[in-house]
Amino acid sequence: MDKIAPGDLSRLEKVTNIQKALSEARKATADTRKAISDARLARTQLRTTRTQAWSALLVPLVSVITVLVTTVIQTQQLNESRRQTEAARIAAQEAGEDARWNALVGSIKNPDDFRTDTTLLARLRAFTESPRYRQPAVDIAKRAISEASTATLFRDLFDVAFPKVESPSIHSIAEISRRVGERHTAVQTQCEADSAGFEIPEAARLSYGFLCSNNVTDAKLAEIVRSTAIQEEFKKKRQLVSELYGISSFLGEKVPEYLRNRDKFSDTSSVNFSRAYIRNASFDSINFAGIDLSNVYIASSSLTGAKLVPVWREVPGLLTANWWDAETIDQDLLIELTRRTYPNWLPNLGYKDNYSIDRSAYYSRIAALCTSKRPQCQPKCLRIADDPPPTDPECKAPIVRTGADGQPKQEK
């Protein structure tokens, strides 16, 4: 403005216009800045409003999540506390069980302890429900059972050792039966040896065990044996023989049940019943294929309808068993049995359920069983009751054991 000459209105006007334009520009700039500021404020307010809206929605959700997380944490803590408590309880229970087991095992020195300590059996039976000691308890019962001194104790231990009928158990039962048979043979053999030198009644001599036989009463024993001390020794053996009779009769109840279970599951595995002693058994319709009956003793038992084709190296002692009523029979065994255990060969020993058979029926049964048509099956070669031994050479011919092919067997 200072450079504009006086009177130069055109320049003055230009300057004025420029100033005016600048003023307007500054105003426009200010307005623009205000608009931008307002826009920014609006956006901020919008975000704030939106945040407030979302917050209003999220607060309950966050609260729920917080409650859930807190609940989960508390549940985990509670479960862990319970787990620790349960672990401590189980540890204490197992420690107590260990102590009771060790005390039980320490109490058992020999099988007779079960008879003298009446608590042992109950304590042993308590472990049959234990996951940790059930099998060891069963093993102890199996080891003790064959040495049981009374039939009652034998039954109780049997229930612990074999709580249910299972086909595999037949092998253990066969082993126990064999041990019982060996005990029975040993005590009777000892009784017969101890009876030497005494005047034995004829009826007693026809029975195993002589003065231990139940055909000799205590009164008769006192007449024969004058020494009181020796009488007492015989009475102890006689008591043991009586208990072994009871044990063998109990086996007579159980063994057929397990053999039938074996047939039910088509178990063809070999089972060794050799030297076992079994009484009062119903072996009706049982298949003895694969069963080793070498030198077994079966008394007062029924074999009606049985498949009597067992394994045998020594002749089974079917003492008073109606083997002639079997469905089928090993042909070599048939001849052996006709010579050894024919009907009523021991007149003082009866058959199961008062069974009896007459001569003609016996001859008919042998004819039906003797599929090999051997001469020894003829009536002239057969004995019954007190018949004398046959004298015909055909009847006394030695038995040559043959196989399925008819050729002589090579015994191992």
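Helices here are DSSP runs of at least four residues, numbered from the N terminus, and with that convention in mind the tour can begin on this predicted model.

Start with the whole protein in view, where 12 helices and 7 strands can be picked out. If you colour the 412 residues by burial, 36% of them come out as buried. Of the contacts between residues at least 6 apart in sequence, 48% join residues that are at least 24 apart. Switching to a surface display, you are looking at about 23,700 Å² of exposed area, of which carbon and sulfur atoms supply 55%.

Next, select helix H9, which covers residues 228-264, and within this helix go to Arg-262. Is Arg-262 buried or exposed? Its relative accessible area is 2%, and because buried means under 20%, Arg-262 counts as buried. Now show the side chain of Arg-262 together with the backbone of Ser-269, and follow the side chain to the backbone oxygen of Ser-269, which it reaches at 2.9 Å.

Then move to helix H1, residues 9-107, and select Val-69, which lies in this helix. The relative accessibility of Val-69 is 44%, a value between the 20% and 50% limits, and therefore Val-69 is classed as partly exposed.

Keep Val-69 selected and add Leu-61, Ile-65 and Ile-73 to the selection: which kind of surface patch do these residues make? Together with Val-69 they form a nonpolar patch of about 340 Å², and a surface display of these four residues is a suitable last view for the tour.

How values were computed: Residues numbered from 1 in each chain as written. Predicted model: local features only at pLDDT ≥ 70, side-chain atom pairs only at ≥ 80, totals over all residues. Heavy atoms only, no water. Helix = DSSP H or I, 4+ residues; strand = E, 2+ residues; numbered from the N terminus. Buried < 20%, exposed > 50% of the residue type's maximum accessible area, 1.4 Å probe, protein only. Contact = heavy atoms within 4.5 Å. Areas by Shrake-Rupley, 256 points an atom, 1.4 Å probe, with all protein chains shown as cover. Polar contact = N/O pair within 3.5 Å; in protein donor to acceptor, adjacent residues only side chain to side chain. Patch = residues over 30% accessible without salt bridge, like charges linked within 9 Å, V, L, I, M, F, W, Y side chains within 5 Å. Salt bridge = Lys/Arg side-chain N within 4 Å of Asp/Glu carboxyl O.
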